[in-house]
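I opened a fresh page for this chain and wrote down each thing as I looked it up. Come along if you like.

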Amino acid sequence: MKVRFLHITIIILLAALFVSCGSSEAIGMIDQLRADQDQKIAALSTQISADEEKIASIRSEINTLKKQVSALETTLSGLQKEFEFTYNTINEFVSYAGYESSDDFLSLGRDIVGVNQKIDDFNARIAALQDLMKQFIDQ
């Protein structure tokens, strides 16, 4: 009986101790901390949602860019084939004219342009000389 009384007394003392520790001030602080944490969690949830939307948008843009790159690569491949065909055709036509490659033909063209420039320069000198001769005669 004394042992039971002792146990009951200890339980009552512990209960009283827990009740005194659980004052309304401590509970108020815990509730305030819980409310603050709930607000932070809500803000983080909103931020996470916004970030997920941005990530989805970026993924969509990446997929669009991948499609555009693929289309450009296909176009580039087609242009390379057309260039090779055109280049080979030009070389074939140039070979009919007796040249070994289109580079030789282009070199001839550059030489012709150079000769024409020299002729124009020569004609300008002759015109200048004629003007000087007229001035000499007129004096």
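Here are my entries, from the whole chain down to single pairs.

**Entry 1, the overall picture.** I noted at the start that this is a predicted model. I then looked up the secondary structure and found three helices and zero strands. Along the sequence the pattern reads α-α-α.

**Entry 2, burial and surface.** How much of the chain counts as buried? I got 3% of the 139 residues. The exposed area came to about 12800 Å², and carbon and sulfur atoms supply 64% of that area.

**Entry 3, Asn91.** I wanted a buried residue to look at, and I picked Asn91, which is found in helix H2, residues 24–96. Its relative accessible area is 17%, so Asn91 falls under the 20% cut-off and counts as buried. Which residues touch Asn91, once neighbours within four places in sequence are left aside? I found Ser101 and Ser102 in contact with Asn91. Of these two, I noted that Ser102 is where helix H3 begins, as that helix covers residues 102–138.

**Entry 4, a nonpolar patch.** Next I went to the surface. Phe105, Leu108 and Ile112 make a nonpolar patch there of about 250 Å². I checked Leu108 from this trio and placed it in helix H3. Leu108 is partly exposed, because its relative accessible area of 31% lies between the 20% and 50% limits.

**Entry 5, salt bridges.** How many salt bridges does a search of the whole structure find? My search gave one. Arg34 forms a salt bridge with Asp31, and their closest N and O atoms are 3.9 Å apart. I note that the cut-off is 4 Å, so this 3.9 Å pair is counted. Both residues lie in helix H2, three residues apart, which is about one turn of the helix. I also looked up the accessibility of Asp31: at 41%, Asp31 counts as partly exposed.

**Entry 6, aromatic pairs.** I ran the search for aromatic pairs over the whole structure, and one came back. The ring centres of Phe83 and Tyr87 are 6.0 Å apart and the planes meet at 25 degrees, so I wrote the pair down as stacked. Planes under 30 degrees apart count as stacked. Phe83 and Tyr87 are four residues apart in helix H2, about one turn of the helix. Are the two partners buried or exposed? Phe83 is exposed, with a relative accessible area of 54%, while Tyr87 is partly exposed at 37%.

Definitions and conventions. Residues are numbered from 1 along each chain as its sequence is written. This is a predicted model: local features need pLDDT of at least 70, side-chain atom pairs count only at pLDDT 80 or more; totals for chains, interfaces and linings use all residues. Side-chain values use heavy atoms; hydrogens and water are left out. Buried means under 20% relative accessible area, exposed over 50%, partly exposed in between (1.4 Å probe, protein chains only). Accessible areas come from the Shrake-Rupley method with a 1.4 Å probe; for residues, only the protein chains shown count as cover. Contact means heavy atoms within 4.5 Å. Patches are made of residues with over 30% relative accessible area and no salt bridge: like charges are joined within 9 Å, nonpolar side chains (Val, Leu, Ile, Met, Phe, Trp, Tyr) within 5 Å. A salt bridge is a side-chain nitrogen of Lys or Arg within 4 Å of a carboxyl oxygen of Asp or Glu. Rings of Phe, Tyr and Trp (its six-membered ring) pair if their centres lie within 6.5 Å; planes under 30 degrees apart count as stacked, over 60 as edge-to-face and the rest as tilted.
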